[in-house]
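Student: I would like to go through this assembly with you. Could we begin with one chain and then turn to the interfaces?
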Protein chains: 6
Amino acid sequence: MFFHKQELQFASKPDKPDAVYARKLQEVLGGQYGEITVAMQYGFQSWNIHLPGKYRDLLFGIGAEEFGHVEMLATMIAQLLEDAPIGITGDAVQDDPTVAAVVGGTDVQHAIVSGAGARPVDSNGNPWTAGYVTASGNLMADFTSNANAEMQGRLQVARLYHMTDDSGVRDLLSFLLARDTMHQNQWLAAIEQLKEDGLEQLPVPSNFPQRKEHTPVSYQYLNFSDGDTADQGRWASGPSLDGNGEFSYHEGTTTSAPRPAPTRPDARLYGTTDVPNTVEKVAGSVQDKLHRE
Amino acid sequence: MFFHKQELQFASKPDKPDAVYARKLQEVLGGQYGEITVAMQYGFQSWNIHLPGKYRDLLFGIGAEEFGHVEMLATMIAQLLEDAPIGITGDAVQDDPTVAAVVGGTDVQHAIVSGAGARPVDSNGNPWTAGYVTASGNLMADFTSNANAEMQGRLQVARLYHMTDDSGVRDLLSFLLARDTMHQNQWLAAIEQLKEDGLEQLPVPSNFPQRKEHTPVSYQYLNFSDGDTADQGRWASGPSLDGNGEFSYHEGTTTSAPRPAPTRPDARLYGTTDVPNTVEKVAGSVQDKLHRE
Amino acid sequence: MFFHKQELQFASKPDKPDAVYARKLQEVLGGQYGEITVAMQYGFQSWNIHLPGKYRDLLFGIGAEEFGHVEMLATMIAQLLEDAPIGITGDAVQDDPTVAAVVGGTDVQHAIVSGAGARPVDSNGNPWTAGYVTASGNLMADFTSNANAEMQGRLQVARLYHMTDDSGVRDLLSFLLARDTMHQNQWLAAIEQLKEDGLEQLPVPSNFPQRKEHTPVSYQYLNFSDGDTADQGRWASGPSLDGNGEFSYHEGTTTSAPRPAPTRPDARLYGTTDVPNTVEKVAGSVQDKLHRE
Amino acid sequence: MFFHKQELQFASKPDKPDAVYARKLQEVLGGQYGEITVAMQYGFQSWNIHLPGKYRDLLFGIGAEEFGHVEMLATMIAQLLEDAPIGITGDAVQDDPTVAAVVGGTDVQHAIVSGAGARPVDSNGNPWTAGYVTASGNLMADFTSNANAEMQGRLQVARLYHMTDDSGVRDLLSFLLARDTMHQNQWLAAIEQLKEDGLEQLPVPSNFPQRKEHTPVSYQYLNFSDGDTADQGRWASGPSLDGNGEFSYHEGTTTSAPRPAPTRPDARLYGTTDVPNTVEKVAGSVQDKLHRE
Amino acid sequence: MFFHKQELQFASKPDKPDAVYARKLQEVLGGQYGEITVAMQYGFQSWNIHLPGKYRDLLFGIGAEEFGHVEMLATMIAQLLEDAPIGITGDAVQDDPTVAAVVGGTDVQHAIVSGAGARPVDSNGNPWTAGYVTASGNLMADFTSNANAEMQGRLQVARLYHMTDDSGVRDLLSFLLARDTMHQNQWLAAIEQLKEDGLEQLPVPSNFPQRKEHTPVSYQYLNFSDGDTADQGRWASGPSLDGNGEFSYHEGTTTSAPRPAPTRPDARLYGTTDVPNTVEKVAGSVQDKLHRE
Amino acid sequence: MFFHKQELQFASKPDKPDAVYARKLQEVLGGQYGEITVAMQYGFQSWNIHLPGKYRDLLFGIGAEEFGHVEMLATMIAQLLEDAPIGITGDAVQDDPTVAAVVGGTDVQHAIVSGAGARPVDSNGNPWTAGYVTASGNLMADFTSNANAEMQGRLQVARLYHMTDDSGVRDLLSFLLARDTMHQNQWLAAIEQLKEDGLEQLPVPSNFPQRKEHTPVSYQYLNFSDGDTADQGRWASGPSLDGNGEFSYHEGTTTSAPRPAPTRPDARLYGTTDVPNTVEKVAGSVQDKLHRE
């Protein structure tokens with residue numbers, strides 16, 4: 001269960017209102033790689049985990065932290081919106097043409113829908129969707145997903161850092177950047193730990209018996225474009241990273257099969273088909289079939 | 001540009017129709033980690049890349065392969081549906097109660113909408129959405145996303161392997177498993193290559209100056225749950241994976257700030273607020289303001 | 001069945017074109033609480049209702065009115081767009097930098113997709129979705145949902161009122177505000193009527209036998225945050241609104257249970273688990289199982 | 001900020017696995033009115049609130065409780081899935097035709113995607129979306145939305161109660177039913193409190209000056225259907241609930257206006273129009289305009 | 001404005017309950033090509049139209065009819081659900097294993113969410129979305145979209161016809177099939193009328209000056225696959241349908257250009273790039289730039 | 001399978017950066033009728049087709065071409081973004097108020113998420129969804145859908161043509177306009193070919209026996225609005241386009257049925273109903289039923 005404390009994890013206060021920037025900050029709150037995503041992702045991974053002990057504690061330990069980040073960003077966005085011009089007519093400031101033009105870059109739902117409050121959406125106003133969440137039960141796969149999420153997240157915060165001069169906002173970003181640094185390191189460390197503990201190896205899932213895959217193509221780089229330098233990377237020669245094979249490089253496919261004949265499903269689905277063949281197949285003429293109903 | 005060849009990358013033909021399994025296969029065609037996702041993801045990464053040479057060739061080279069996987073799965077799904085009972089009444093087989101019950105597990109849109117054809121949806125019928133795609137321009141982050149996609153993909157195919165006895169379907173899965181093995185290895189190798197080439201390091205993005213982040217918390221494990229074993233993992237002590245710091249372990253937060261006062265935006269947004277304070281702020285009584293319009 | 005009459009419910013005509021405001025008006029046409037939502041919501045409630053007579057007549061009677069509001073807003077939006085600059089180059093007005101900047105605040109799909117026509121989307125361009133609709137068959141719950149929809153709707157229209165000086169647009173808004181006033185009152189009156197008619201009481205659903213709920217916590221306010229004033233509200237002491245209990249106030253939870261052990265599903269789902277335990281459970285070693293297939 | 005404790009709010013453990021019921025429980029976890037919705041809704045309302053004190057404490061106090069309900073449902077779903085047949089072939093139980101048929105009623109993504117874990121989706125597999133969340137800043141409107149959410153939620157739990165005989169699951173449901181009883185009462189009490197504190201009245205938003213609405217229709221019931229009993233309800237006569245007016249009943253509309261002429265936007269949007277009129281309007285022939293570019 | 005009449009357009013009553021079929025019928029109510037789509041599509045086309053007279057009357061005339069079809073399908077679905085087993089335990093019928101299995105094929109939200117009522121979703125439970133609607137302002141394009149919608153709709157109804165033996169349901173379908181026949185004919189007739197009236201020709205939009213397109217490829221069939229029979233169709237030789245050109249057939253592309261060099265955007269977006277080049281471009285070293293902030 | 005060639009189908013290079021226009025171009029890349037839609041649509045139609053020979057070759061032949069158009073637009077968008085001001089502070093150009101205002105019209109995710117790269121979204125930032133795709137297996141219906149897609153596509157490109165003066169961008173648009181001209185002609189020619197080959201006629205699906213539809217209304221124009229000119233079109237009199245009937249014109253409906261009584265489903269769904277009737281129906285009082293559980 002969760003308990004809330006009416007404090008934030010870090011002190012930051014914007015120097016001045018900025019509704020345009022408030023919209024941009026929505027990305028790291030409610031976007032594909034925003035804080036809602038990681039909070040929910042670590043939550044579902046923790047609730048579904050099949051192991052007791054340190055991995056479960058890890059997921060629980062960080063999940064609650066991320067819900068706190070959701071709160072910090074929502075709070076900052078509300079502060080940025082508090083006194084910002086957001087399109088109300090009749091105020092001197094609002095009727096300045098420059099201000100009016102800038103207001104065009106705000107999230108208009110901040111004004112119309114939430115009344116100068118944060119929203120669970122991204123910087124283009126798309127509602128957050130659980131389609132962003134990954135929780136498969138396989139920890140090697142999921143921790144890789146987590147590492148990616150923290151990388152994309154830190155990347156977006158770094159970009160946002162250059163889109164404002166506000167020192168209070170930058171304080172918040174500097175905190176999030178640091179935590180993303182930790183979390184990138186943490187998930188990559190957790191992957192190392194999984195290997196050390198003998199719980200999972202490459203390729204994921206490692207206890208599926210590899211002899212059941214079509215092994216001739218398991219370590220082949222197949223080049224389906226006409227670029228001529230893809231053979232110069234580590235992926236094209238030398239031992240594979242899982243230690244089970246040797247990379248090789250090939251132009252195009254090494255296997256192929258003729259395209260099968262088109263399917264000819266039941267005539268009563270009314271797909272377009274050359275009738276006699278279909279009729280033969282369903283044993284009787286279409287007319288017969290249709291009469292039968 | 002793309003050219004199509006009327007061949008498949010691997011020979012496989014289902015032993016028998018199976019509309020229930022056809023629905024399940026939709027997951028790795030049109031799901032969050034299905035082939036459409038990786039085809040589009042590698043496509044957008046290649047079109048947006050900032051580097052010429054081997055990384056671009058790599059992305060182009062594999063992108064077209066994945067579009068071919070989309071085609072292979074769509075073809076297999078259509079074959080599985082071809083003669084399967086999908087709810088048409090009046091056929092002896094269909095009116096068998098057991099068959100009728102099994103039909104309940106099919107994707108009914110396979111019958112009603114696509115007429116026994118594959119669809120760009122997942123195994124629950126959710127349409128594929130570009131919200132699944134990642135293409136940030138930062139290759140370390142994106143290759144980590146790619147590695148995760150191939151892990152989740154191979155995991156799902158491995159699960160699907162145990163949900164059918166059909167040898168023809170298993171042929172296809174054995175091929176996909178092998179390619180996912182390669183692609184996991186490949187993206188992890190590409191990450192190593194990026195480091196070797198000096199193009200990107202941890203933490204991502206590595207050329208953002210780390211001194212601008214709030215460094216005191218950059219390598220702290222903060223435990224926001226009451227589990228007592230999270231300090232036993234590699235993420236809680238020892239050198240960080242990026243080589244720039246030393247992990248430490250802490251119960252709860254090491255920083256905090258009092259919650260700021262509530263915001264009180266413009267009275268004409270009609271949020272609920274204690275009036276006098278608001279009025280003071282907008283310089284005049286609410287009545288005054290409202291009269292002014 | 002529905003019949004259409006080529007009249008609007010109220011006369012209003014914009015003083016001047018304003019594509020930025022046209023975008024804003026989309027919110028109350030195609031947003032979460034726009035007119036499409038209430039029209040469809042009252043429609044589905046009426047088609048699903050289990051009662052003949054006045055409640056059914058009420059839902060039918062207002063449903064058709066709301067479809068007329070959809071039409072009024074769509075018509076107004078098209079009028080606002082008619083001669084507005086929307087990004088076409090080569091016109092003197094459009095090449096004015098101020099105009100160009102203002103155009104940034106328009107819905108660009110108004111120009112590119114609908115050719116200066118209204119669209120079934122909200123003010124951020126999100127397509128309307130039936131995920132907004134509520135029609136449960138329980139009228140107390142649904143009428144509360146309706147009351148909320150009319151409150152959110154009137155709130156948004158009130159905010160929009162202050163975002164334009166156009167007297168024609170304000171005419172339309174003044175009409176919608178009045179109807180929302182009526183509809184708020186109407187749904188709350190309908191809730192009173194339901195109680196009077198003995199059809200439904202609190203808590204909803206009222207004929208579920210309350211003794212089957214875990215009654216010790218049925219009227220407890222549990223405080224999961226550390227604020228210290230929540231005990232000062234009507235929700236924390238005194239008789240409950242349903243007349244069936246007495247509110248009490250508690251810090252944190254009054255019930256709890258240890259977290260159950262992690263689940264350990266079938267090994268062939270390849271979740272990460274400590275193997276021996278899993279193996280024991282599926283009666284045989286993983287290797288054995290996998291050989292068996 | 002949030003802290004997590006590795007306990008649940010109530011003890012409950014399913015008697016036996018049941019993947020079909022696990023799917024159904026997803027509705028109250030990740031559906032329109034599931035626990036994720038109320039947790040996020042109360043969260044955003046608390047972060048955006050404009051008042052200090054008891055209302056803010058109320059929102060914070062219940063928000064964290066609901067995140068705990070999310071966790072309880074996710075845990076229960078994972079337990080229901082733990083040993084349930086979910087489509088793996090080669091097991092005696094799975095190949096029983098009756099079992100196979102029942103498996104058709106499960107969420108196949110529980111097997112393929114999450115490996116017998118809970119997912120942030122509803123009972124039809126639709127990912128949770130923030131389009132369900134309401135947080136307007138106006139507390140009367142938002143508390144009405146909250147009351148509705150708790151009504152719909154309790155209604156769905158009551159229905160689910162009759163869809164299982166499992167005593168452990170019913171324990172959990174009995175707890176949720178009781179909390180929903182409390183929360184319905186609580187939000188309705190909070191609405192009463194708002195009125196008592198003079199912070200908000202009907203109609204919402206109450207400080208918008210009602211004289212600016214088109215008052216002649218503010219309390220008219222307009223009957224747009226041909227039912228003849230809608231005049232028998234409290235909404236059709238007597239004083240309005242806000243105390244500001246008197247209901248009256250009318251067949252059809254009391255106001256109307258002729259439909260305005262069609263709009264004729266810029267010819268370069270290529271909408272279909274009768275050319276001369278358009279041309280006149282854009283001051284020059286279409287040919288002229290097009291030559292000019 | 002719209003008026004509602006408490007009648008249906010056609011008499012039909014199901015012989016018996018059938019929740020599985022009720023789910024299937026949802027497709028033509030709330031699916032991509034269901035009645036909600038056409039009702040809303042014709043609605044938006046009518047509200048946005050730029051012409052008075054017969055085309056506007058046509059769109060208004062049919063739009064209201066389609067809202068009536070929405071109502072008819074919703075009513076039928078509720079009737080099919082009325083006494084159908086939908087998963088309630090403890091009833092003899094429900095505990096029959098065959099019945100239990102069949103219930104797996106129902107839309108479980110019909111039971112949990114709408115209480116045996118229709119929902120605005122498709123047969124897989126996806127909420128209807130306005131992303132299905134087309135209303136461009138160009139009538140030739142839009143009428144072609146309408147013709148397609150009526151074709152897909154009639155096709156789906158024809159498929160559904162074979163999925164039930166219920167004579168009452170078939171009555172309803174026979175009515176919808178007839179109306180779809182009319183509407184296909186009607187929209188194709190309207191396209192002919194547009195041509196006759198000189199309002200629009202091929203290619204759409206016909207008053208865009210065709211000399212501004214790259215005319216050498218305007219009538220070339222370019223074969224990007226290796227099939228060898230595409231030259232046998234009417235699209236590959238002879239006069240084009242718009243009467244403005246002559247079809248020709250070509251293997252692959254007739255135009256091409258070398259792929260441009262990769263883009264190298266501002267270094268502060270932290271995309272992966274070979275640094276010196278980037279630095280040169282932004283006129284100063286990355287370090288310099290970053291110091292400057 | 002697909003092969004990629006590192007060339008584009010046409011040479012075009014923007015004269016200058018323009019992030020606002022880059023956003024607009026997203027519409028024809030990732031919008032409802034953008035290139036992703038047609039590429040995926042023709043792909044699924046080709047993989048599901050039931051005919052060998054020229055129609056299959058046609059679909060394969062054009063599908064790969066469209067994936068190449070996706071690439072061309074993505075490449076152009078990245079070029080337009082390359083050196084455009086997109087909100088980074090501290091640069092002289094960016095701090096110009098006019099520039100700042102214009103930046104408000106850009107897609108901010110181009111800066112924050114993709115780092116100046118193209119995205120699989122439309123011009124309002126909505127992710128592309130497979131809900132746009134049509135592939136029914138009936139070629140007459142699907143080719144009509146394809147013709148519409150090419151019409152809407154060409155219409156949008158024509159509008160975009162007037163929203164830029166950039167000669168390089170116009171080069172690309174002139175190429176796309178020409179291909180859309182071809183593709184409109186091509187799909188309409190393919191429909192003619194289907195008729196000539198005797199594979200499909202009107203109404204679609206033509207081999208459903210028309211005597212099974214309610215033929216009295218098959219060719220009636222029913223006027224559900226009060227416009228008085230709809231009888232002047234070709235749809236209201238004369239022979240129908242399918243050659244099977246004669247159009248006639250009618251005011252309102254020619255058939256009708258009284259609205260059926262409300263449904264009264266199982267009491268344990270807790271819909272609001274007048275109890276006695278319900279109780280009678282479920283054979284026993286509600287209390288009895290509830291005790292029984």
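Tutor: Certainly; please keep in mind that this is a predicted model. Chain A is divided into domain 1, residues 19-197, and domain 2, residues 210-254.

Student: What separates the centres of domain 1 and domain 2 of chain A?
Tutor: Taken over C-alpha atoms, the centres of domain 1 of chain A and domain 2 of chain A are 37 Å apart.

Student: On to chains E and F. Which rotation superposes chain E on chain F?
Tutor: A rotation of 180° does so, with 0.0 Å of shift along its axis and an RMSD of 0.0 Å. This is the relation of a two-fold axis. Both copies use the same surface, as 100% of the contact residues of chain E recur in chain F.

Student: How many residues of each are in contact, and what area do chain E and chain F bury?
Tutor: On chain E, 115 residues are in contact with 115 residues of chain F. Between them the two chains bury about 9600 Å², with 60% of that on carbon and sulfur atoms.

Student: And how many salt bridges are there across the interface of chain E and chain F?
Tutor: Six salt bridges are found there. One of them pairs E:E213 with F:R154, whose closest N and O atoms are 2.6 Å apart. The interface of chain E and chain F also has 60 residue pairs in polar contact, both residues at pLDDT 80 or more.

Student: Which element of chain E gives the largest share of the side that touches chain F?
Tutor: Helix 8 of chain E does, with 16 residues. Among the other elements of chain E that each supply at least two residues to this side are helix 3 (54-81), helix 7 (139-161) and strand 3 (220-223). By class, the side of chain E that touches chain F has 49 nonpolar, 40 polar and 26 charged residues.

Student: Now chain D against chain E. What area is buried there, and which three residues of chain D supply the most?
Tutor: About 3500 Å² is buried between chain D and chain E, and carbon and sulfur atoms give 53% of it. D:R259, D:Y270 and D:T272 supply 20% of the area that chain D buries against chain E, more than any other three residues. In this interface, 42 residues of chain D are in contact with 49 residues of chain E.

Student: How many salt bridges and polar contacts does that one have?
Tutor: The count of salt bridges between chain D and chain E is zero, while 20 residue pairs are in polar contact, both residues at pLDDT 80 or more. The side of chain D that touches chain E divides into 10 nonpolar, 20 polar and 12 charged residues.

Definitions and conventions:
Residues are numbered from 1 along each chain as its sequence is written. Chains are lettered from A and ligands numbered from 1 in the order in which they are written. This is a predicted model: local features need pLDDT of at least 70, side-chain atom pairs count only at pLDDT 80 or more; totals for chains, interfaces and linings use all residues. Side-chain values use heavy atoms; hydrogens and water are left out. Domain bounds come from an automatic or database domain assignment. Copies are superposed by least squares on the C-alpha atoms of residues with pLDDT of at least 70 in both. Contact means heavy atoms within 4.5 Å. Buried area is the accessible area (1.4 Å probe) that two parts lose on being put together, summed over both. A salt bridge is a side-chain nitrogen of Lys or Arg within 4 Å of a carboxyl oxygen of Asp or Glu. A polar contact is a pair of N or O atoms within 3.5 Å; within protein, one must be able to donate a hydrogen and the other to accept it, and residues adjacent in sequence count only if both atoms are side-chain atoms. Helices (H or I, at least four residues) and strands (E, at least two) are DSSP runs, numbered from the N terminus. Ala, Val, Leu, Ile, Met, Phe, Trp, Tyr, Cys and Pro count as nonpolar, Asp, Glu, Lys and Arg as charged, and the others, Gly among them, as polar.
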